[in-house]
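Let's take a friendly walk through a protein model together. Have a look at the structure below, and keep it open while you read.

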Amino acid sequence: MLVAADKFKGSLTAVEVAERVTAGLRRVVPDLAVEALPVADGGDGTVAAAVAAGFERRVVRVAGPLGDEVTAAFALREGTAVVEMAEASGLQRLPAGVLAPLTASTYGSGELVRAALDAGARTIVFGVGGSATTDGGAGMLSALGARFTGGDGEPVAPGGGGLADLASADLSGLDPRLSGVELVLASDVDNPLTGPTGAPAVYGPQKGASASDVEALDAALAHFAKVLEETVGARAAEYAASPGAGAAGGIGFGAMLLGARFRPGIEVMLDVLGFAPALERADLVITGEGSLDEQTLHGKAPAGVAAAARAAGKEVVAVCGRLALPPEVLGRAGIRRAYPLTDVEPDVAKCIADAGPVLERVAERVARDFLG
């Protein structure tokens, strides 16, 4: 039995999901062999999943999205670092009730990448998602040695808003160690940098951007890409239009300028976490996340787990807080059956507040249906 589920956002971490599922299964089959492999798709929780899989947790002090110092972590094992940009520049790093769509910066994410280089990483898996920022990765690049200046020769203000004043970009001071590292951009979104499906239009509002802010950010990022085109050539325009450039407020674009290769986050993380050998040992796989819905099908962890398991001929069931997909859609995704918490506790508020105990009861049902 392999439990490879993502977090139930706001209720349980991926590690806690695995613990609760295991406890419920063993209540029905006490001596059941269960292997837990918490998973993530590159967004928040990615470092925790790597640590649960045996990576070493490294803690550093970096700049938060508003410039204040925060404690952030990355994971390291045998020359591979897993860096989660949300650790430094995520929405959860903003003070309660504060959103800063125009000024939030990814500078701290660049400091995390630098810390991974300092630790000797030869491969850096850069998980992006859950960001508070829309700065095209300018802050991250600045932390790694780039210079972005206005007409007065002074650095432009942090955040996407400041890029409107950009006059010149100089990447010659980038950390030389970057050229010797494999950088993998792990993301579950494939948006370009700008335009109707770009970072400001699609994700700006959830970071507090008004309609006029979205317009300003879109123009600022387009200007950023144009100035970079003058610096590094046509590839800047190619990167801006590439799938994944708009990930995490455009940090995908910044990562591509560093030579990053874009891959779906869950695919990268399954490789890094050692999913294939764990899958070989399993006869049944339990995956899941807080909400199984249309978004799940577009690169989220359960869809990635199910696709890999189906390719290996293994049966998959899912646990979730909320289920918004019909059985035939689940079937096409490779999930035999889904078990929402609301099946055993119809009160949604109780499901959220008592997610752990309710999930154990759900896991008992899975055990009775598939292991009885």
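## A polar contact on a helix

The side chains of E364 and R27 make a polar contact at 2.7 Å. Keep in mind as you explore that this is a predicted model. E364 sits in helix α15, and its surroundings can be listed. Leaving out residues up to four places away in sequence, E364 touches G24, R27 and V28.

Is E364 buried or exposed? With a relative accessible area of 16%, E364 is buried, because anything under 20% counts as buried.

## The five-strand sheet

Now look at the sheet that helix α15 packs on. Which strands form it, and in what order? Five strands make up this open sheet, in the order β2-β1-β11-β12-β13, and their pairing is parallel. The edge strands are β2 (35–36) and β13 (337–340), each of which pairs on one side only. Helix α15, residues 355–370, packs on this sheet and touches β11, β12 (315–323) and β13. The direction of α15 makes about 150 degrees with that of β13.

Let's zoom in on β11. Strand β1 (residues 2–3) runs parallel to β11 (residues 284–292), and two bridges join them. V3 has I286 as its bridge partner in β11. Towards β12, there are eight bridges, and β11 and β12 also run parallel. Here L292 stands opposite L323 of β12. To get from β11 to β12, the chain passes through helix α12 (residues 301–311), and this β-α-β crossover is right-handed. Why is β11 described as largely enclosed by the rest of the structure? Seven of its nine residues are buried, so the strand is largely enclosed.

## The six-strand sheet

There is also an open sheet of six strands, ordered β3-β4-β5-β6-β9-β10, and its pairing is mixed. At its edges stand β3 (56–63) and β10 (261–264). Each has a single partner strand, so one side of each is left without a neighbour in the sheet. From one strand to the next, the twist averages 30 degrees.

To see one pairing in detail, find β3 and β4: they pair in the antiparallel sense over eight bridges. R57, for example, has A75 as its bridge partner in β4. Helices come into the picture too. Helix α4 (residues 107–118) lies across β3, β4, β5 and β6 (123–127), and runs at about 140 degrees to β3. Helix α9 packs on the sheet as well, touching β6, β9 (182–187) and β10. The direction of α9 makes about 160 degrees with that of β9.

## The nonpolar cores

Here is a helpful idea to carry with you: in soluble globular proteins, nonpolar side chains tend to be buried together. In this model, the largest nonpolar core has 56 residues, and I124, F126 and F148 touch the most other members.

Which residues does F126 touch, not counting residues up to four places away in sequence? The list is V83, M85, S109, V113, M140, L183, V184, L185, A186, I251 and A255. Apart from the largest core lies another core, of 39 residues, including A50, A186, M269 and A282.

## Two positive phi values

Two residues make a nice pair to compare. E78 has a phi near 50 degrees, which is a positive value in a residue other than glycine. A248 is not a glycine either, and its phi is positive, at about 50 degrees.

Where do they sit? E78 lies in the loop between β4 (69–77) and β5 (80–84), while A248 belongs to helix α9, residues 247–257. E78 is exposed, with a relative accessible area of 73%, whereas A248 counts as buried at 10% relative accessibility.

## A stop at T231

Finally, find T231 in helix α7, residues 211–232. T231 is partly exposed, with a relative accessible area of 35%. A polar atom of the T231 side chain lies 3.2 Å from the backbone oxygen of A169.

How many ångströms separate the C-alpha atoms of T231 and A333? They are separated by 44 Å, and the two residues are 102 residues apart along the chain.

Note on methods: Residues are numbered from 1 along each chain as its sequence is written. This is a predicted model: local features need pLDDT of at least 70, side-chain atom pairs count only at pLDDT 80 or more; totals for chains, interfaces and linings use all residues. Side-chain values use heavy atoms; hydrogens and water are left out. Helices (H or I, at least four residues) and strands (E, at least two) are DSSP runs, numbered from the N terminus. Buried means under 20% relative accessible area, exposed over 50%, partly exposed in between (1.4 Å probe, protein chains only). Two strands pair if DSSP finds at least two bridges between them. Contact means heavy atoms within 4.5 Å. Axes are lines fitted to C-alpha atoms, for helices over the stretch in contact, and angles run from 0 to 180 degrees between N-to-C directions. A nonpolar core is a set of buried Ala, Val, Leu, Ile, Met, Phe, Trp, Tyr and Cys residues joined through side-chain atoms within 4.5 Å. A crossover is right-handed if, with the strands pointing away from the viewer, the path from the first strand over the helix to the second runs clockwise. A polar contact is a pair of N or O atoms within 3.5 Å; within protein, one must be able to donate a hydrogen and the other to accept it, and residues adjacent in sequence count only if both atoms are side-chain atoms.
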